[in-house]
Every structure is written in C-alpha cells, then in structure tokens.
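This report describes selected features of the structure shown below. It takes up charged side chains, domains, cysteines and strands in turn.

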Amino acid sequence: MQYHRRLPKFEYLAPKTVEDAIAMLGSKKGEVRIMAGGTIVVHQMKERIGNRPYLMSLKLIKDLDYISFDDKKGLRIGAMASLQSIADSSVVNEKCSILANACRKLYTPQFRNMGTIGGNLSCRFATAGSIPVLIALGAEVDIVNGEGNRTVLVEDFYKEMKDGELLAHIRVPSPPAHAKWGYHKFAVRDHYDFATVSAATLINIVAGKCTDVRLALGGVTLPTMRAKKSENLLSGQAVTDDMIAKAAQLASESCNLGSDVYFSADYKKELLKVVAKRALKDAVGA
Amino acid sequence: MKQEMKFIVNGEHHAVQVETHRTLLEVLRETLGLTGSKEMCNKGDCGGCSVIMDGKLVLSCLTLAIEAQAKEITTIEGLADGNVLHPIQQAFVDHGAIQCGYCSPGFIIAAKAIIDKTPNPTIDEIKEGISNHVCRCTGYVQIVEAIDAAAKNMGGSR
Amino acid sequence: MSNDRFYEFEKTTLIGKDLPRVGSVDKAMGRARYAGDMVLPGMLYGKTLRSPHAHARIKSIDTSKAEKIIGVKAVVTGIHDTPRGGVFGIIPHTRDHILLPYDKVRYMGEEVAAVAAVDEDTAEEAIEAIKVEYEPLPFVLTWQDAMKEGAPLVHDHRPQNMAAHYLVNEGDVDAALRNSDYVWENEFTCDVASHALPEPFTVVCDYEPSGKFNFWMQTQCPFQVRQGLHNTMKAPSSDIRLHSLPMGGAHGGRSDTPPAALIAGLLSRKAARPVQIKFSREEVEDCMRDKAAKVWKMKVGFKKDGTITGRDIYMLLEAGAYASSAIVELWVPLLIDEVLWRAPNYRYDAFLIYTNKTISSMMRTRAHVGPMAMDVCLDQVSEVLGIDPIELRLKNAMLTNEITPSKSVITSSALSESIVMAAEKSGYKEKRGKLSHLKRGIGIGSGNMQSMFYMGFRAGSTAFIKFNDDGSCTVFTGNCDLGQGNQTMYKQVTAEVLGIDMEQVKVCFGDTELCYQDPGDYSMSALVISAHAIKKAAEDANRRLLEVAGDILDVSWEEVEMRDKKYYVRFRLGKGRGVSIGEVCRTAFKRGKPIFGFGDYRARIDYSDFGVDIKEPYNEKTYGQKVTAYSFGTTVVEIEVDAETGKVKVLDIWAANDCGTVLNPMLVKGNMHGQLSFMLGQGLLEKNVWDSKTGSKLTSDFRTYKVPTVNETPNIECYFMNKPDPYTPYGAKEGSLGFGCGLHGALSNAIYDAVGVRVYDVPFTPDSLLKLIKEKEAGEKKSSK
C-alpha cells in the first residue's frame, strides 16, 4: 500500500450551461463525478474515494450562481451560490434572515467561501449542515434532467434524485411572520468540526398551542432527518417543557444514526435528545 | 490532460500549462516557485495552504489549479513591500506569534482576509476568522493578540 | 559552581527582555525554506511501499516491472539493499529497529520498498507495480493482548513482548504502607497521543560521488540521527552531513532516525541524483511516531497529619513495534515523578511492552500521568483526612537541596511557591466547592520536567565562536532551533557576555559538519547544556578580546571594560580612547592570533559515587545525579461542564512557572501557551482509534484526531517564580514543559469540583464524562428512594 499526496488523473469537463452539463452526464453515463465547490470532492479524490474517469465542474455555469427573491414564490437560490454569499446577501438577510444566520455559522470562512448550497445538499452526508436548516424552513429543490424540471421537498430529494440529474435550484419559502426559530448543535470543536448532531425547528404558536411545526435533525440518516413523529406529537398541543422533553425523546428514538470513529451511536442518540430539546426551548423562549 | 491557464498572482500576470489534476497549491509552489503557502495536511483541515482568491479566503489544496483561471490571487509572498513587512506580518513578529513558522503564512493570509472584511474586528470575529487553522506551537494566544494589534495599527486602512 | 549564582538583572542589558524570535521575519514573509520547499538540480521524487499488514513475514519482493517504467531511476528494498547488521535504537541494549526490514513487518504502514522517479505520478505508478508476497501473522494492538499467555511475539527474542523493565526500590515500601494511617490506591491510564506536527516529514538526500551523504530533514538531534544513519547505512560519520534548516515543529516527535532517511540515502546513492521524499499527512500519523499509551497504578501511604510515608508505583507503557526511543519513556516518568512529592520509601516498577502499532517516542507532554495521579491522590486524601488540599501539597512538596529516592539532588525548586502563587492568583480557595451549582469547578495540578538526563558522551555540548574582521561573529552549536526560540537565546547569551548588539551575532546551528556534537533539542537541553557551552565560549572569547584591547590601550586586560559597545580603560577620567571590537579583531588577525571562543559544558550527571558501570544506564542499581536541572510549576484551571452532554469548556488557566531566571518573557510565555494547548488537547479532545480487525489506524488527520483550535483555547495568565538555579546559565531553566504537566490533574480535580465525578483515564472525552455523570445521578436516585 502507499499513501497518495497527489490527485488521481481524470478527464476534466467544465460545461457552461445546465443543458451542456445534462448532456455530458447522459453521454458518459455513470462515469462522471460532479463537483460543486470542491471541498468534499477534491478531499475525497485525494483519499481515493468515489473516483470516476470524468470530473465535471459546475463552476462555469453562471446560471446556477445567483440569489433572487419573488414575492409569490420566495427565495430562489442557485445550487452554486456559496454559503458565504448567502450569509452576506442583503436579499437573504432581509427576506429570510434565519437562512442567512444559519449559513453564517456553518463551518469556517474558507469552507463557506468555497462550499456551495447545492454541493452541501447533494453530498448526502448525515452531517451536512445546511440540510436540517432547509428542511425546517420547508425548502424545496429543483431537479433537472434531459426531460425537464421537477420540484421536491429537501427531505425527499435523496430518494428522488437519480444518477445523471442535476440539483439546480433551491427554493426557500419566507417563514410566516410569527413563526419561531430554534437551532442547536453539538460539535467537539465548535466552528471547526462538523456538528456531530444538530436540530433545527420552525414552530408556529397560536393561543398557546402549536399550530404547525417542522423539526429536522442533523447527524442522522437522510430518511430520518425530518422528525415527523415528534412534529405530530407537538401539533395542536401546548408546548410545555414536558412536551418538549417528550418530543426530543421521540426524535432520538425514531432516528437512525451510526457510530463513528469518535462516538458511539448510543451517545449520539443522547446528544440528539439534548440538541432537539434545546432547539425547541430556544424557539419557544424566543 | 494539460490546459493553458492565465491568472494573476500577487499582481503579476502568469500564463502556464497545467495538468487538470494539479491543485492550485501545487502550481503556486512548484510551477511558480511560491513556496510560502504550505502543504500541511493537504486536505483542508489546517488552513496552511490558504490564499485570497478574488477577495475571498480559500484553501488552495482543495482548489483545482485550472479553476483559478482568470482569477486574482494573493499569497503570503504578496504582502510585504520588497523587504518591508506588511503591518500584519510585523505584528506577528513583534508579538511572538511565530514559532516554527509552518502555519504562519496561512494565519497571516487569514488575518488579512479578516481585516479586509472587518477593519475593526472584535476578538470573537478574529477567532472565527482563524477557526479553520491549526497551530501546534503557539497555543494561539499571541496569534490573536498580533491580529488584534495589526487591525488597530492599520486603523481602518488596508 | 558558576559565578552567576544569583543573577542580578541590573548588570544585564538583554536578559529578561522581550526579544522577537530570530528567523520570524523570513517565516512571516513565507521565505523560510523548509525541506519540502527545496529544489535541487536533477532532484528525483521518492515514494514508499508500505505494509498493508500489522504483522507479517516478507517472503519475496518483485520489483522488475517497477524498474522498467520510464522515469524510474532507482528502486530499493529491504531484502536487496538494507545493509545487514545495521540497527537503530537510542539505547544499545534495546536496539531493535531495522529501518528498511528484510524479514518481518511489525506495524501497518511499515516500509518495505521505495522508488525514486522523475516525478511523483511516475513514482506512484512504480509503487503500484511492485509485488510483495507476505505471510500475514496474528497481531496484538493493546498491552493487555500483548502480555497474554501465548500472545504472538512482535520480536521473537523478547518473551511476553516485554522490551524492557526498570525498577527503583528505595527503603521498604510494603512496610511503610502497612504502617500508614491511610493508604490510597488507584489506577490511571492515558491513550496513545499523536504529535500532529505542522510540517509533514520530508527528507532530501544528495549523495556525492565521493561517498558523502548530504541530508536535509526535520530533526531535534542531528548528531543522534547521524549516528543512527552511521549504524544502519554502514557509512562513516564524516560522510554523513545533516544540514541546518528551519523545521515545522517537533515537540518530541523528531527525536529518532526515521526509516525515510535511510531510504532517501539508499535511493540517492543508487540513482546518483538528489532524492526528496515527502510524506502525506496520513503517512506521518500512521508511520512516524506517537506517544505511548500508559497505565499507572499507584498506592500512597499517609500519616494522619498528611505526611506521605511511601509510594508504590507500577507503570506499563506501550512501545509500539520497536523500542526505538520509547525506552526513554520508561525511565523519564521516574525522573519526573520522584522529584515532586517527598516519599522516604519508594518503588517504581515499569515495563515497556511491544504492540503492532506506530512506534512510540518522546513528546513534550509525556510526563503527565504520574503528576496527574498524585494530584488526584492529594485531592482525594485531603477529603479523607480533612486537610486543606493546598496545605497537604505544601507539606509534601520537595524543596531545594532535597535528594530524590534515586539519589539525585534538586538544585533549585520553587514548586511550593508555584502552588501558592497559582492558588492565590486564581482565587482557588474562594472558588473551590462553591461553583458546582453552575456546573463550574476549579482544580490544581503540579508538574515538572528534567533537563538533560544520562546520554553518555552525548550529555554535553561544545560551542565554537568565530569572529570576523568587523567584530561580528558566528556561533557554532550542534543544537537546533525547532521554532521555540533557541537561536534567539544563543544570540542573546553571546551578545550579553560580549556586550555587543544581537545583530552582530549569527548562529550556525545543527549542522553536523560545521558544529561540534551536541545532545540536540532532546531532554530540554538547549538551555541547560547548549546555551551553557555557548556562554562559556563567549566568556572565553571575551577574555581574548579584553587581552588584545588591553594591549592596544596599554593596560592589563583586567582594567578594560566595555562601554557603549567599545573598550575603554576602566575608571579613567575623561572619555579616553575607545577601541571598537572590529579594531580588536583586526589587530588580533595581524598578530596571527585570530579571536575565537571555545566552550564545553558536560551535564552534571554523576553516578561515580555509587561505583556504577554504565553499560546499562538505567537499571535498578543506577543511583546518583540523574539530571542537570529540574523545572517545576503549577496550573490551576477553571472549567464549566455541560452536564447533559459531558462536554468540558475550559474558562481560565493560571500557570505559575518555576523556570529560574526568565531570559525572554515574551518567548517563554508563547512556549507556555503551546504546552497548555498540547495538554488541553490530550486531556479533553484527542483520541486515537485502531481498527481491531485490520490493525489500521483510523485517526490520521486533524479532523479525526481532534487537536485544539483557537476556539478551544481559554484565557491564560502566566506567572514566573524567578528563583535562579545555581548551575545554569544566568540561573535559567527550561520553561515550556514542566509547569504544564500538572494540567491533567488540575482538570480531573476541577471536573470533580464541578460535577462530583472522578476521572482517571485520559482523554476526558464528553461521552466518557457523561457516562460517569449519569452513573452518579442513577446512584443518587437510588439512595434517595
């Protein structure tokens, strides 16, 4: 065995339009690896994980790097918009400050400058920091293929998106005016480490009762990121400390997560209970 | 597969042939001889390869060289004016913030990025700005002091 | 005894000043040239083929395909190219490391073959083309498995996988414990820790056709590495030159002769071209060095009044695959442990055990388990006996001029003063026991470090100073500068003695051809040994300068003094003639007696009173002055525990450092911050994990091996005790290690203060602490029912 310092060789593709990108994916079926910001793909290539003969960079597709707002449909962000550009965008800060604040706190300056929202979504890591935030905001993604577009909820894209398709746009509805936001995460080293687990919630309380709520978890498998059972428990109820504790317990029991080099799955489930509880408490207290 | 690349580094125009599987760090160090940016972990975990590209702090070890096409890059070698140190570099020297020096170029470039964006950073903003960086010698205390002193010394100028 | 017994600051101009580090400007500009930045004409790039097995016999190696690849200029294997009989190891009787093995591999990642090619892509291709036939063998990853009956042997000639055993037995510990009013007993462990050095290992070798090897590589001890290469390459020392260069951190991890150096030498000779081998980050973490995992079992007997009657220690540590320099890890904990707390009856029984893992080596924090065990003991016993924890410490802390169980004299200690200082500055007494409602706690821990232990003829340094015709000079010293500030110190000491500006002094360090031999930056000898030799050389030069100046001024040398950088006749009224140092040097040249300085300093290590024959320098009969100087210190730490996750946040550290005279406070403080960062990381964050099925290390980068970043760094206040040592230059002692070695004890005690649980196993990670917190809560619930 040997240790590699250099990247492996590959054929480099740099389409300038979404159509070109789709065409390339179609003509070289299964042989193309898509790269957005590069923070994950280049890292994995160095470790010889997931290598394919072609590397397709999306960096030259200007149509995918934008942030816009529409009164009817809300925020629309191109997949190649960097996390920092979302954090800095006056449009996002005005229309959905929750998203801007969340992006501002993800990772480190270099990873925010290089990392894109689309790349963060499509990496499918349990620890991808933007996914729980987007799920809690009720965000959707536009998936593009040779035949056209379709829009799916963020929490469903992992099962909807197929090889040869491109995640092109993210739509974030503006949160209802009185909706309350809560977010909490656990990392061994704040800022530097990806969150071991996290919880994001958007909750609407009318006359002391929860009218609707979204609770999303980070650090768990993609299918279990939306804590639907906890949402059902809270719906229509007064959000007391006791209810919050129960909802957090249920979220922890219902999700799937694996152990890693550092922590066991059991400990992570304990942590998940804590971050879910704290996120809900933050929201309700806010 | 080689491609031609034109970019600006420390104010100088360069046109080089690069293989597409070379990283920006490799081209800076090996093709242009700018060995100040360091290969410390080569995977984005330490900040030692940090450069400023089109005004943004990035990790050159995770950037394909070819994707720096037409961009403007500042490396550590671009800060001093001949042999006169940039105020940030001087502050690092004056405050004992450099020991083995291997991580220092990364920190100094990150400090420039912090001060360029926020001329009067708080200590928390300084710490956030260097949160991707690893130092094993200094324990970070004098590095933060140096960046704070440099920002105050530069008084809003860049 | 030196004349500067109690150093008076008024006489000095440079000692005690905040001076910037020499070499900082180049580094700030990115212009310092490290080994990885070097390009030599015709240089080739080397890559290494490594074992995929943790333990295996090498049956055959076929390099024929690799050799045919265009661009490959040399291929070496252990079987074909390693000189037979060449072995590396710090101590002769445990030497066991064949740097490029030809028979067996003993850890995953061990070197088997290497190539040098015109570029790295070609070199990687060639490595893929080498075919090795292995016979995999069963392996052991923990000391428990290694010591089991019938366990596979890492080295066939070492039964039970025991590399070495060291025993010190003074007085009658068993009787002392039997007759004590209270016996405390407990067990502590610490995990394998990694240095995670900034500069990945890089070696450049340029072999000259005449037979000379030129090396550029990171090392703390160039002369030791040269000896290692001399032994393994079978080349004369004069044909092996280690050049001086800046290095990206060492912290103890560059004390050995690495296989890559031998490999680079063999490749360069075969290819007749320079060869550069650069490691990747993972390669460094898997295949260089780690710090041994340790088990520390201890019993301590106390009288009712808190006086220690005896201490009984059993220590076990993992060597990894080779004894290498891990052997030193066996006795250093003794050198450290026996100096802190007085024990008239003392037993230290230590074992070094082989495992099929990365080789163990020095590390700046290695002393921590012993001090931690005692600090937890003292806190626990203070509760049992009802004695204030500070009083209990002061009662048992060893003092200046006391003698240790192995008969070493403590020439200076401000340990007690450091305990008082740290407690006072932190508000320890006011806070302890009063912050648990906030889940906050405060804890105290003391540590120390030895400077220069027994190293035979290497335990000494020789310095030479050469003067130029303008009066500037160059100091030649075999020690290195790893970035901590040694060059600055050498210039400072020289300039101080001669009365000249630091800018007039240059330092040539660590070049084995130009400098005299030196222990290297090993066992903290840079100040106590190397700087001492430099000071003597400067004093020697100073005497020659004064004599020539006296001749010029027509007075005896005793009437000459240096004022405002010129020589004048002392006490003469009016200004009189001032002679520049340049004029003195030129006059000396004209006379055929150029000015120079020569100084040698041998470590104050002496076993002669005990009539010991030093073939095995550390065995149970070795008594005597073991160490040239001891430094001490105490840290107090205040923390906050998140009792729902087990995560510890460190708020403040107060560090009181007994490092004698402080030559350069700004630099020493920076070194102190670095030590505290290392200690914090290993205490709370850093964990190494191996795959038990394959023997592969899983924590080989900064993301998985969690070293501290700026956001894990607390507020740190540093204090100096300023108590000079009678034997060291200006009374100074090492100041960047010893004081901080008590931090793990302080953390353990602070955790108890905050949440009422005791932690004994380093690192105190959130999951392990949460488990203990929950067990305590469950226990409390049960008892309240």
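C:Glu583 is partly exposed, with a relative accessibility of 23%, where buried means under 20% relative accessible area, exposed over 50% and partly exposed in between (1.4 Å probe, protein chains only). C:Arg577, at 45% relative accessibility, is also partly exposed. These two residues form a salt bridge, with 3.0 Å between the closest N and O atoms; the term denotes a side-chain nitrogen of Lys or Arg within 4 Å of a carboxyl oxygen of Asp or Glu. Salt bridges with shared partners also link A:Arg5, A:Arg6, B:Glu19, B:Arg22, B:Glu26, B:Glu30, B:Glu39, C:Glu120 and C:Asp121 into one network.

The model is predicted: local features require pLDDT of at least 70 and side-chain atom pairs pLDDT 80 or more, whereas totals for chains, interfaces and linings use all residues, and side-chain values use heavy atoms, with hydrogens and water left out. Residues are numbered from 1 along each chain as its sequence is written, while chains are lettered from A and ligands numbered from 1 in the order in which they are written.

Over all chains, the search of the whole structure yields 80 salt bridges. Three of the pairs are listed here.

| Pair | Closest N to O distance |
|---|---|
| A:Arg189 and A:Asp193 | 3.0 Å |
| B:Lys43 and C:Asp701 | 2.7 Å |
| C:Arg577 and C:Glu583 | 3.0 Å |

In the first row, A:Arg189 is buried at 0% relative accessible area, and A:Asp193 is buried at 5%. The pair of B:Lys43 and C:Asp701 joins two chains, because B:Lys43 lies in the loop between α1 (24-31) and β3 (50-53) of chain B and C:Asp701 in the loop between α18 (665-685) and β29 (715-720) of chain C. Both B:Lys43 and C:Asp701 are buried. Helices (H or I, at least four residues) and strands (E, at least two) are DSSP runs, numbered from the N terminus.

Chain B is assigned domain 1 (2-77) and domain 2 (87-153), with bounds from an automatic or database domain assignment. The centres of the two domains, taken over C-alpha atoms, are 21 Å apart. Their contact (heavy atoms within 4.5 Å) takes 17 residues from domain 1 of chain B and 14 residues from domain 2 of chain B. Between them the domains bury about 1,200 Å², 68% of it on carbon and sulfur atoms; buried area is the accessible area (1.4 Å probe) that two parts lose on being put together, summed over both. On the domain 1 side, B:Met40, B:Leu57 and B:Ile76 lose the most area, together 39% of what that side buries. The count of salt bridges between the two domains of chain B is zero.

How many disulfides are there over all chains? The count is zero, a disulfide being a pair of cysteine sulfur atoms within 2.5 Å. The sulfur of C:Cys659 has its closest cysteine sulfur in C:Cys718, 9.9 Å away, and therefore too far for a bond. C:Cys659 is buried at 2% relative accessibility, and C:Cys718 is buried at 15%.

In chain C, strands β23 (residues 560-563) and β24 (residues 566-569) run antiparallel and are joined by four bridges; two strands pair if DSSP finds at least two bridges between them. C:Glu561 has C:Tyr568 of β24(C) as its bridge partner. Two residues lie between the strands of this hairpin, in which C:Asp564 takes a positive phi near 50°. Strand β24(C) also runs antiparallel to β25 (residues 579-580) of chain C, with two bridges joining them. There, C:Tyr567 has C:Val579 of β25(C) as its bridge partner.
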